[in-house]
Amino acid sequence: MMERIKDRLRRFKQSAPGHRFQDQHADRREAHSSAFGRVLRLGAGIVVTVVGIIAMPAPGPGMLITAFGLVMLAHESLVVARLLDAAEVKLRPIALGALAWWKRRGTGARIALGALALVIAGACVLIGLKLMQVVA
């Protein structure tokens with residue numbers, strides 16, 4: 001199983017940006033899986049995406065879970081694959097710029113920014129808990 005995952009990741013990296021998710025979708029279509037399997041994977045992708053969206057306001061892996069769910073959906077839906085390819089093309093320069101900016105910061109600045117992120121996440125948790133008390 002790990003070899004299959006590594007092979008898929010390797011093929012994903014080799015695909016050109018803007019076509020990666022569509023290539024993955026085409027590979028999945030060539031596998032000739034059953035209609036039941038496709039519906040099951042589509043349903044699982046929807047559930048994982050919704051769980052990720054619900055988890056986003058709380059500190060934790062909400063964005064990662066949402067991304068994983070969208071990738072699952074892209075394997076079964078050409079429309080979602082095209083949307084993710086378009087998003088990758090638009091977001092790639094922003095992500096590379098942010099990474100370059102981060103690498104130019106010194107260790108002290110990185111520690112300070114990390115601490116600030118933790119303070120903001122903690123504040124979000126406290127606000128969320130207060131809101132839950134008000135609603136309950």
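**Arg20 and the helix core**

Trainee: Is Arg20 buried or exposed?
Mentor: This is a predicted model. Arg20 has a relative accessible area of 10%. The cut-off for burial is under 20%. Because 10% falls under that limit, Arg20 is buried.

Trainee: Which side chain makes a polar contact with the side chain of Arg20?
Mentor: Arg20 sits in helix α2, residues 20-30. Leaving out residues up to four places away in sequence, Arg20 touches Phe12, Lys13, Ser15, Asp85, Glu88 and Arg92. One of these gives a polar contact between side chains at 3.1 Å. The partner is Glu88.

Trainee: Which helix supplies the largest share of the largest nonpolar core?
Mentor: That core has six residues: Phe21, Leu73, Ala74, Val80, Ala81 and Leu84. Both α4 (62-76) and α5 (78-104) supply at least two of them. The largest share is three residues, and the helix is α5.

Trainee: Which residues is Phe21 in contact with, leaving aside neighbours within four places in sequence?
Mentor: Phe21 belongs to the largest nonpolar core. Its contacts include Ala74, Ala81 and Leu84, and also Asp85 and Glu88. The full list is Phe12, Val71, Ala74, Ala81, Leu84, Asp85 and Glu88.

Trainee: How far apart are the end C-alpha atoms of α4?
Mentor: α4 has 15 residues. At 1.5 Å a residue, the expected span is 21 Å. The model agrees with that, at 22 Å.

Trainee: What covers the buried residues of α4?
Mentor: The buried residues are Gly62, Thr66, Gly69, Leu73, Ala74, His75 and Glu76. Their cover includes α1 (2-14), α2, α3 (35-55) and α5.

Definitions and conventions. Residues are numbered from 1 along each chain as its sequence is written. This is a predicted model: local features need pLDDT of at least 70, side-chain atom pairs count only at pLDDT 80 or more; totals for chains, interfaces and linings use all residues. Side-chain values use heavy atoms; hydrogens and water are left out. A nonpolar core is a set of buried Ala, Val, Leu, Ile, Met, Phe, Trp, Tyr and Cys residues joined through side-chain atoms within 4.5 Å. Buried means under 20% relative accessible area, exposed over 50%, partly exposed in between (1.4 Å probe, protein chains only). Helices (H or I, at least four residues) and strands (E, at least two) are DSSP runs, numbered from the N terminus. Contact means heavy atoms within 4.5 Å. A polar contact is a pair of N or O atoms within 3.5 Å; within protein, one must be able to donate a hydrogen and the other to accept it, and residues adjacent in sequence count only if both atoms are side-chain atoms. The expected span of a helix is 1.5 Å times one less than its number of residues.
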